[in-house]
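Subject: A structure for you to explore

Hi there,

Here is the structure I promised to hand over. Have a look at it first, and then read on for what was found in it.

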Amino acid sequence: MDYKETVFLPKTEFPMKAGLPRKEPEILKIWEEINIYQKLREQRKGSEKYILHDGPPYANGNLHIGTALNKILKDIINRFQSMLGKDANYVPGWDCHGLPIEWKIEEQYRKKGKDKDTIPIVEFRKECRDFAKKWMDIQSQEFQRLGVCGNFKNPYTTMTFDAEASIANEMGKFLLNGGLYRGSKPVMWSVVEKTALAEAEIEYEDHKSTTIYAKFEVKKTNLQNVDGAYIIIWTTTPWTMPGNRAVAFSKEINYSLVRIKKIADDSLAKNNDLIIIAKDLVEDVAKNCKILEWEEVSSILGHKFDETILSHPLNNYGYSHDVKMLPADFVTVEQGTGFVHIAPGHGEDDYFLGKKFNIEVPETLAGNGKLLDHLPLFGGMHVLRDNPKIADIMSEKNSLIGRGELIHSYPHSWRSKAPLVFRNTPQWFISMTTNNLKETALNEIEKTQFYPEAGKQRLYSMIENRPDWCLSRQRAWGIPIPVFVNKKTGEPLRDKIVIDRIVSSFKKGGSDAWFEIPASNYLEPEYDANDFEQIQDIADVWFDSGSTHAFVLEDRDDLKSPANLYLEGSDQHRGWFHSSLLESVGSRGVAPFEGILTHGFVLDDKGRKMSKSLGNTVNPQDILRDYGADILRLWVAGSDYYEDLRIGPEIIKHHTDHYRRLRNTLRYLLGSLNGFQENEKIDYSDMPQLEKWLLHRVNEVNNSVREKIEGYNFHSIYTEIHNFCTIELSSFYFEIRKDLLYCGDPNSLERRGCRTALDILFNHLTAWLAPILCFTAEEAWQCYINDKENSIHLKTIPIAVNNWNDEALNIKWKRIRFIRSLVLAEIEEARNNNVIKSSLQAKVEIKLSKEDKDLFENLIAADIFITSEVSFSIEKIETPKITIENADGNKCSRCWKILPEVKPDGLCNRCEDVVKIYCS
RNA sequence: AGGCGCGUAGCUCAGUUGGUUAGAGCGCACGACUGAUAAUCGUGAGGUCGGCAGUUCAAAUCUGCCCGUGCCUACCA
């Protein structure tokens, strides 16, 4: 007779094959139907808030794998916090202003043959706004497809009128507290377009420059025997000579004092002149300047040039200022003379070095590329065309020892392809020293919790070493710096009334108002608009996103500031973490976050960065289509995201394998719990020992999960859950309990106890997994309770029941499992020797110590080993000795155990009873 | 070139203050079961702990150098 029908086999609707790409959108639809985000807010109302403030992605282009990582990680954290019972309210945001969008619009213009400069600025900005909106909507859909739960109906963006007004208001705070000032700094300038260019708008191409070796006579020095000697510099930009104010040397370099003995006929050098150049470059300079013979008079260590003052090469022609010699790290002996001429208005290094030593920054260049008229000898000359002429003049005035030409890589404009120059232009800055901004920011970093810890050092040293924040950009798509400058005094107007007017007008019409509404509306009646210059610069977009704490965290009633956590890729140490900290500290004196978590970058499976040219990019869209979001989420949870993380076909396969184990565990639980009812539950005290052990372990894992949430150790949670499912559930507990579940008496305390424990286990497991496998956990949960409104994501992780803790029991079962592993190994051996085939055919004889034997008191050892018979004999040995033989008796047709009581083709006593009661 | 990181089995990760023979799971191989079945169970083989040198009785762990790699800067007179 076939007893299969009488066996209580697992039964469930939960399919083994997930079909996530099809299933997930269905679940998303249900969540939308029941409005789960809103529901969660209502349910968690009044609970402790947990605010992970979203760093806004830039609204252009589709979701890529890095963003997917970022968003999933944020979602996992929010869901775990929510599962702890907190009100984890996530408001996603977008960064909307800035150059990349401006470019796209310009590109569209170029295609249509339109010129950007002929388009009214407000119209141009409108197109940028529409572009940002379009991508925001696309990305919003993509983020939600990943399972991200948040306020997608009302996200924040940096371009709403409220946000623009609020950001302008923040700039107003810096204006009023004195932190914002007008300074100047050399920027990459295109003399063709008459505009500053951003780093990204620059391309490097070969360019032919006129080079000169110019001589600076030593005027005052502590050095001996250098009277009348010349320091020689080399430059590829002769036009910067009028702006020269210093010469840089390196303390580490050895220099030579050289007397020129013989020169070629066409050399510009003079016999008997004493020149000073780096020792390593003497040959090189001599060759380039056609010096045929020379002698080294002495050598000079670099650091001795301190305090030395030189004369400008054109000292006698209107350039009579002192030229200081300054030490600088960036001076090398790779090229030139080992001295670098410093024109603070025409180079980044030059500017900062000059600033450090309080050297004036002269203005020498007009926006159209012409040297200013008042400059002696060179007024009106053009920086790109007249370099040979400048070299001629200097040569005439006996201020060179050589000249030449050099083809080298040089910055050019992306648009016009014209060479660029560094030009000193007025810019707005936020001072790092006013109001102790830097110091306070560093203190706030000390108070911040960093995950991982190394982030603290990184942010700290960046803030510590950064110069003042240059806030202005010469651009169109962004928030204007809302400042008026008094034409007479050059001072910015610092008046709260005016700022308030600007802010309220931005609130009504957005920051376009700056370009549309006449200045008089803001200034009058207190001031006369004619007395003021209206600033046309746009604020650095980092100021926008740096202000999100103000217009998101502070302005929304359902959020709070400071946020519990800011979480971004490690590149944001220089970006959002940085600007948010400075903005908040500068305006409020405190950091906007309590913690910072950084994740690494996504690399390919070999650890190389992804690039189109290598063809190793991984598209999240492909993974969603082929595997589903839960697989991507599992990849995030299973990786150590503090470091860079890898992805590729093999790694995806690895995670789908792990997914199957988790899914099958859920499936087996659901199958085993088929028909489980409240009245089947029994008390803990009535449960078998094995179930008590299981509940102890459930408690242990539960505590561990809770603890690891606090430290954001999700890959550790993942590993622990996976190992628990594999080692303790699937291959141990489930394996042992199959007999009881399939064949046991449904009314027995043993089987009811087992199912009660399985129910508890299922409740825990789905709660642990829900934040990671948000779709699968919901699917399994719904399969169990069948109540759409009652989503798994509304639940919390169960509170540990102290009663279940029994460490002594755990230690006992560790030993039992060890003995079991010895038995299984012997069974395998017996199988290989053809003694038995299946383990139920085995009779196990164990020689073991009394202590070990006592472990099995009141337990059915055969069940634990999944054999039919076990006999013990006590011996004084440490490790049990096991022999395997064939079990005595016949095979029970229902439970397949081999027992003496069973008649051929018959049933064992237990099965006979069960069949009689339940299957007739 | 500089600043901050990283490098442990094919894959994802553990390895406490230096201390036996470097661990886990997956994958792989072999086997079992056919009552979790495109599942489940068992057994097993996989590592010069990126390389070299040093400190030490003892190094995956501490130090130095090198190689590879990632992020951020600087790519210049």
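**Salt bridges**

The count comes to 57 salt bridges, where a salt bridge is a side-chain nitrogen of Lys or Arg within 4 Å of a carboxyl oxygen of Asp or Glu. Before you go looking for them, please note that this is a predicted model, in which local features need pLDDT of at least 70 and side-chain atom pairs count only at pLDDT 80 or more, while totals for chains, interfaces and linings use all residues. Residues are numbered from 1 along each chain as its sequence is written, chains are lettered from A and ligands numbered from 1 in the order in which they are written, and side-chain values use heavy atoms, with hydrogens and water left out.

Two more terms will help you. Helices (H or I, at least four residues) and strands (E, at least two) are DSSP runs, numbered from the N terminus. A residue is called buried under 20% relative accessible area, exposed over 50%, and partly exposed in between (1.4 Å probe, protein chains only).

Let's begin with Asp273 and Lys215, whose side chains meet in a salt bridge with an N to O distance of 3.1 Å. This pair links distant parts of the chain, 58 residues apart: Asp273 sits in the loop between β11 and β12, and Lys215 belongs to strand β8 (residues 202-220). Asp273 is buried at a relative accessible area of 14%, and Lys215 is buried too, at 3%.

Strand β8 also holds Lys219, which pairs with Asp322 of strand β15 (residues 322-327), so parts that are 103 residues apart in sequence are tied together. In this salt bridge the closest N and O atoms are 2.6 Å apart. Are these two residues buried or partly exposed? Asp322 is partly exposed, with 39% relative accessibility, and Lys219 is partly exposed at 46%.

A further salt bridge joins Lys261 and Glu295, at 3.8 Å from N to O. Here Lys261 is in strand β11 and Glu295 in strand β13 (residues 291-301), 34 residues apart. Lys261 is partly exposed at 45%, as is Glu295 at 34%.

Salt bridges can also form a network, as they do for Glu170, Lys173, Glu554, Glu583 and Arg588.

**Strands and their partners**

A quick reminder: strands of a sheet pair through backbone hydrogen bonds, either parallel or antiparallel. Two strands are said to pair if DSSP finds at least two bridges between them.

Strand β12 (residues 274-278) is mostly covered, with 5 of its 5 residues buried. What are its partners? Strand β9 (residues 230-235) pairs with β12 in the parallel sense over 2 bridges, and strand β11 (residues 254-263) runs antiparallel to β12, joined by 5 bridges. Ile275 is a good residue to find, as it is the bridge partner of Tyr230 and also stands opposite Val258.

Strand β25 (565-569) makes a nice parallel example. Strand β2 (residues 52-53) pairs with β25 in the parallel sense over 2 bridges, with His53 opposite Tyr566. Strand β26 (residues 595-599) also runs parallel to β25, through 4 bridges, and there Glu568 stands opposite Thr598. In β25, 5 of the 5 residues are buried, so the strand is largely enclosed by the rest of the structure.

Now try tracing an open sheet of 4 strands, in the order β7-β6-β18-β20, with antiparallel pairing. Its edge strands, β7 (195-196) and β20 (469-470), each pair on one side only. Strand β6 (residues 180-190) and β7 are joined by 2 bridges, and Ser190 has Thr195 as its bridge partner in β7.

**Two last stops**

Asp558 is in the loop between α16 (548-554) and β25 and is partly exposed, with a relative accessible area of 30%. Together with Asp162, Asp555 and Asp557, Asp558 belongs to a patch of negative charge on the surface.

Finally, Met325 lies in strand β15 and is buried at 4% relative accessible area. How many Å separate the C-alpha atoms of Met325 and Glu533? The separation is 38 Å, for two residues that are 208 apart along the chain.

Have fun exploring!

Best wishes

Terms used. Patches are made of residues with over 30% relative accessible area and no salt bridge: like charges are joined within 9 Å, nonpolar side chains (Val, Leu, Ile, Met, Phe, Trp, Tyr) within 5 Å. Accessible areas come from the Shrake-Rupley method with a 1.4 Å probe; for residues, only the protein chains shown count as cover. Lys and Arg count as positive and Asp and Glu as negative; His and the chain ends are not counted. The place of a charge is taken as NZ of Lys, CZ of Arg, CG of Asp or CD of Glu.
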